[in-house]
Amino acid sequence: MKIENKITEAVRQIVEELYGQPVPEKMVQLQQTRPEFEGQITLVVFPFTKMSHKAPEQTAQEIGQRLAEKLPEVVSRFNAVKGFLNLCISSQQWVALLEEIQQNPRFGFTPVTADSPLVMIEYSSPNTNKPLHLGHVRNNLLGWALAQVMEANGNRVVKTNIVNDRGIHICKSMLAWLKWGNGETPESSGKKGDHLIGDYYVAFDKHYREEVRELVAQGMDEEQAKQEAPLIKEAHAMLVKWEQNDSEVRALWRKMNEWVYAGFDETYRALGVSFDKIYYESETYLEGKEKVEEGLQKGLFYRRDDGSVWADLTSEGLDEKLLLRSDGTSVYMTQDIGTAKLRFQDFPIDKMIYVVGNEQNYHFQVLSILLDKLGFKWGKDLVHFSYGMVELPNGKMKSREGTVVDADDLIATMVADARQMSADKVNRLEGITEEEAQEIARIVGMGALKYFILKVDARKNMLFNPEESIDFNGNTGPFIQYTYARIRSIMRKWEKEQEAGSCPGNSLAPCTLHLAPEDCPSLADREISLIQKLQGFEATVKQAGQDYNPSCIANYCYDLASEYNRFYHDFSVLREEDEKKRTFRIALSAAVGQVIKNGMGLLGIEVPERM
RNA sequence: GGUCUGGUAGCUCAGUCGGAUUAGAGCAACAGCCUUCUAAGCUGUGGGUCAUGGGUUCGAGUCCCAUCCGGAUCACCA
């Protein structure tokens, strides 16, 4: 039983005995004692003063007195300051807690069983006409981390991606390639497929704008020019052919999409994300109409005179929403209804989470209502995991103005910088092969990038300064990774000492920590607060799952690493003469390493054995 | 204009269920610490009207109302 639970239980009994009123569990508020006071756990007694009709300090005294009598093995001393009862917990309790944490490699995680809720997470959702940029990076990292967090909270998770592989934007790239490509391929040019296609998309835009400018110069007004430019007309014609299943257009479309997917796969691999099921819009965009017709028959929607179909959501405080155009074709919302249908056919999901930027908040509000009306049981409380935009120091990311940060460039830069960084510390990596050094650079560079993005509350807009972002000091991924690497170094040395393989060589945790109560070392404040931090991992994971918020795990990891760094500085773990203290500190280090690894793992951040 | 969302140090961000006379980190600036388990580290100094004004109560950065400022959205685009 956890220390907190024991105390909570005892306090409820004591207060009832003293003041004759039952105490709901929530009323017992325990928190970590502030460093300037003696003790480790503090009970807030303000809520009880109404029952006791006594001053806060006196109430605290009374409760403390009884608590010390009732739980002598837990509470060794206490003091009351105003309405705060500070409790000193005996060392054995802390050691026992550490032992518990250390012996459970999955500490903080809820096991997943066959009966666990089935959660589907959709993320990434790229367009196939240009490479991934920084905004996608945020999406992918958040989606992956969220999937890990949901799983850690005892859910079965299916990760999906819906690829937007059709539409006018792809036709633009295709047309430009036909016109100016000279048969260029990823192989012939050495370019990554998605970049190649992206270049043609840009080329189209350049020529298109020239055409528009010329038409305007000839006296046409701009809106009309945009419609009338020969290039855009050609692109539209191509889209029509595509929809008519023209074999030539389809073949080209297929070939170019393959190039893009090969490029995306590379980026996904670098980011360390993957999917269980990929949906393609070209295969799903016609779905949904059926559902809308069904809703129409049930009277959920209505048809206007021009033939278009609408949902009236004014009673929900929203507007009216178009579902089918007057020509019978579907819109974005219709498609999302369609994919929802398909997904439910494929998986009996209990919950659906969409990782999509906050510019679509309204869309998902509407989608939720519509799916609910159409009878999807998870529609009503589908989660739109809505994240903020990434801004650059001089404004937003705009591809037109060339202010995008390309994902592949960014990854390469981060890794190269990490490599440079460790090269500057020659002694660090002596005895390590070039391959190993590269692997460490990859882990550290990616860790820096991922942590930088994930530490920020997802729903807030964040600022990304390309120059300052590559900072490996302070509240960063590498700081946490570095802490881990140092712990591993201690463990390696310790394991070497243990001769003759009494321990499996690769186990992080020392084999045994069993210290009999009378053997318990007296613990320093710093050691106790580390154990308390470790214990907090469980609650942090739960909270992350409840709030759909990976950032609190990132900040937790930083807190834990900071605390450990101070501990590391104050104590010589391996040199400690006292055998009991030494065992305890090694075990504590091992547990910290394990929790850091697990926490960072939830974020999709690897930790290196050395760096 | 309607709806949603944010505003905390020069900059980037934390801040749990409302808890402690003094609201935390990091960056940037300054001053220390490598014969000692990895200095990508540690210690210290300076830097704040928690946008503003009310309210709720033992107690508010946190909850409620109003105002100001920023962002998103309100398409027969996706």
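Leaving aside neighbours within four places in sequence, with which residues is Leu67 in contact? In this predicted model, the residues in question are Ile7, Ala10, Val11, Ile14, Val75, Leu85 and Leu87. Leu67 belongs to the largest nonpolar core, which holds 158 residues; together with Ile121, Leu67 touches the most other members of that core. A second core, separate from this one, has 34 residues, and Val158, Val292, Leu324 and Ile337 are among them.

Val292, one of the residues of the second core, is also one of the buried residues of helix α13, which spans residues 289–297. The others listed as buried in α13 are Lys291, Gly295 and Leu296. These buried positions lie on the same side of α13, because the arc they cover around the axis is only 145°. Glu290 and Gln297, by contrast, are exposed on the other side of the helix. The cover over the buried residues of α13 includes the strands β8 (302–303), β9 (309–312) and β10 (320–324), as well as helix α14 (332–346). Just after α13, Gly299 adopts a positive phi of about 85°.

Helices α10 (residues 230–243) and α11 (residues 247–271) have axes that come within 8 Å of each other and cross at roughly 100°. The two helices are therefore roughly perpendicular. On the α10 side, the contact is made by Met238, Lys241 and Trp242, which meet Val249, Arg250, Leu252 and Trp253 of α11. By class, the residues of this contact comprise five nonpolar and two charged, with no polar ones.

Two further buried residues were examined in helices α20 and α22. Glu527 is located in α20, which runs over residues 525–547. Its relative accessible area is 2%, so Glu527 counts as buried, the limit being under 20%. Not counting residues up to four places away in sequence, Glu527 touches Ser522, Phe567, Phe571, Phe584, Arg585 and Leu588.

Asn598 lies in helix α22, formed by residues 579–602. With a relative accessible area of 14%, Asn598 is likewise buried. When neighbours within four places in sequence are left aside, the contacts of Asn598 are Pro105, Phe107, Phe109 and Phe537. Pro105 and Asn598 are separated by 493 residues in sequence, while the C-alpha to C-alpha distance between them is 8.7 Å.

Technical notes:
Residues are numbered from 1 along each chain as its sequence is written. Chains are lettered from A and ligands numbered from 1 in the order in which they are written. This is a predicted model: local features need pLDDT of at least 70, side-chain atom pairs count only at pLDDT 80 or more; totals for chains, interfaces and linings use all residues. Side-chain values use heavy atoms; hydrogens and water are left out. Axes are lines fitted to C-alpha atoms, for helices over the stretch in contact, and angles run from 0 to 180 degrees between N-to-C directions. Helices (H or I, at least four residues) and strands (E, at least two) are DSSP runs, numbered from the N terminus. Angles under 35 degrees count as roughly parallel, over 145 as roughly antiparallel, 65 to 115 as roughly perpendicular and the rest as oblique. Contact means heavy atoms within 4.5 Å. Ala, Val, Leu, Ile, Met, Phe, Trp, Tyr, Cys and Pro count as nonpolar, Asp, Glu, Lys and Arg as charged, and the others, Gly among them, as polar. Buried means under 20% relative accessible area, exposed over 50%, partly exposed in between (1.4 Å probe, protein chains only). The arc is that of the directions from the helix axis to the C-beta atoms. A nonpolar core is a set of buried Ala, Val, Leu, Ile, Met, Phe, Trp, Tyr and Cys residues joined through side-chain atoms within 4.5 Å.
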